Amino acid sequence: MFQILNEDGEVVNKEFMPDLSDDELRELMRRMVYTRILDQRSIALNRQGRLGFYAPTAGQEASQLGSHFAIEKEDFILPGYRDVPQLIWQGLPLYQAFLFSKGHFHGNQYTEELQAFAPQIIIGAQYVQAAGVALGMKLRGKKNVAITYTGDGGTSQGDFYEGINFAGAYQAPAIFIVQNNRFAISVPVEKQTAAKTLAQKAVAAGIEGIQVDGMDVLAVYAATKDARDRAVNGEGPTLIETMTYRFGPHTMSGDDPTRYRSDDLDKEWEKKDPLVRFRKFLEGKKLWSEEDENRVIEEAKEDIKEAIKKADQYPKQKVTDFINYMNEELPLNLQEQLKEYEAKESK
Ligand SMILES: Cc1ncc(C[n+]2csc(CCOP(=O)(O)OP(=O)(O)O)c2C)c(N)n1
Ligand SMILES: [Mg+2]
């Protein structure tokens, strides 16, 4: 497993230390702290009934934000349902992320500049799409990549294998991230596959594969940066398995992790908290202080307050909107339904 920082925030692999400026290192920490607060607030808002579908992210910040930090604005992101943070740091306004959670279609109406698809709910489907997007970039001669995310459970899907195989066959510039948080809802990874690692699945597709400490933001960044450099150089796709853990439940829709995870396992992984580790590293370099931390926390809380207000006040979606946005031309039966709903909605 590739690691740069150990659990105490000490550099254990100096030769792979990425070339990041002090400002960039601080920005990485800022994003992780901000995202942790966003997660805590989202869980609270969900419990108050102000959000809908929500998949907690705490514990996975290094995997999500370290990999995202290595890609460019013109690269394309194909996220899963837990990958809202990457979308936000790519430019998705927070109020739209909240609307997505509430099931409002405007949450998924992205501008041209936001090079991303909305979070995929169908496990693994984004891997096939990523292979296609990456091939498209290659055919157009673009120096960009498609980056996609799934979980340990996702690697059992047919789509996973089809995606990595296709990208390998066409040497498409794709980066396939597997966030191995050890559970697919309640199913432990040991029951999911007989494979010793998920990274080794790359071998069968003839592509590069690497297992990375997913609680070490520098290692995830370095591995993704290397994958991106090779991809835009025409050297093909990479599969990156990040070893991580979700501290919270699978989603806020009712699973109880205490029924399938032991206290000991939770404690073991809490010690690996990516924020604690990176904070220790930065404090050692005098690049982070309690004031910095508090400033980010306040900034995040303020942004969230405004964004949820905007999401709450956003016009309700209408059935006629669904009909109109889904179809360019309406077949007869939908024309009839459209009329029916227009009449209802004008009352
Ligand atoms: C094709 C498909 N099958 C089943 C589901 C139901 N489902 C939702 S999440 C999930 C587990 C996914 O686990 P993993 O890939 O490890 O991702 P994690 O949630 O741990 O991030 C399943 C089976 C689904 N959404 N899509
Ligand atoms: Mg999982």
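## Exercises on a predicted model

The UniProt annotation "coiled-coil region", from an unreviewed entry, covers residues 290-317. The structure itself is a predicted model. The exercises start from this annotated stretch.

**Exercise 1.** Find how much of residues 290-317 is helix and how much is strand, and how far apart the end C-alpha atoms are.

*Solution.*
- Take the stretch that the UniProt record labels "coiled-coil region", residues 290-317.
- Assign its secondary structure: 86% is helix and 0% is strand.
- Go from end to end: the two terminal C-alpha atoms of residues 290-317 lie 43 Å apart.

**Exercise 2.** Compare the reach of helix α14 with the span expected at 1.5 Å a residue, then decide how well α14 is covered.

*Solution.*
- Locate α14: this helix runs over residues 332-345 and has 14 residues.
- Its first and last C-alpha atoms are 20 Å apart, close to the expected 20 Å.
- Now count buried residues in α14, where buried requires 20 or more other C-beta atoms within 10 Å.
- The count is zero, and α14 is hardly covered.

**Exercise 3.** Describe the overall build of the protein: its secondary structure, extent, radius of gyration, burial and contacts.

*Solution.*
- Count the elements: the protein has 14 helices and seven strands.
- Along the principal axes, the C-alpha trace spans about 65 × 50 × 40 Å.
- A compact globule of 347 residues would have a radius of gyration near 20 Å, so the protein's 21 Å agrees.
- Of the 347 residues, 42% are buried.
- Take the contacts with a separation of 6 or more: 77% of them join residues 24 or more positions apart.

**Exercise 4.** Work out which residues come nearest to ligand 1, which strands supply its shell, and how the shell divides by character.

*Solution.*
- There are 15 residues around ligand 1; Ile-123, Gly-151, Gly-153, Gly-154 and Ala-184 come nearest.
- Turn to the strands: β2 (146-151) and β4 (183-184) each give the shell at least two residues.
- Sort the shell by character: six residues are nonpolar, seven polar and two charged.

**Exercise 5.** Place Gln-3 in the chain, classify its exposure and list what it touches.

*Solution.*
- Gln-3 sits in the segment before α1 (22-47).
- It has 17 other C-beta atoms within 10 Å, so Gln-3 is partly exposed.
- Leave out residues up to four places away in sequence: Gln-3 then touches Val-12, Asn-13, Asp-213, Asp-216 and Ala-219.
- Pro-119 is 116 residues from Gln-3 in sequence, and the two C-alpha atoms are 28 Å apart.

Technical notes: Residues are numbered from 1 along each chain as its sequence is written. Chains are lettered from A and ligands numbered from 1 in the order in which they are written. This is a predicted model: local features need pLDDT of at least 70, side-chain atom pairs count only at pLDDT 80 or more; totals for chains, interfaces and linings use all residues. Helices (H or I, at least four residues) and strands (E, at least two) are DSSP runs, numbered from the N terminus. The radius of gyration is taken over C-alpha atoms; the globule rule is 2.2 Å times the number of residues to the power 0.38. A residue is buried if 20 or more other C-beta atoms lie within 10 Å of its own, exposed if 12 or fewer, and partly exposed in between; C-beta atoms are placed from the backbone. Two residues are in contact if their C-beta atoms, placed from the backbone, lie within 7 Å. A residue is near a molecule or strand if its C-beta atom, placed from the backbone, lies within 6 Å of it. Ala, Val, Leu, Ile, Met, Phe, Trp, Tyr, Cys and Pro count as nonpolar, Asp, Glu, Lys and Arg as charged, and the others, Gly among them, as polar. UniProt positions are given in the numbering used here, feature names are shortened, and annotations may be inferred rather than shown by experiment. The expected span of a helix is 1.5 Å times one less than its number of residues.
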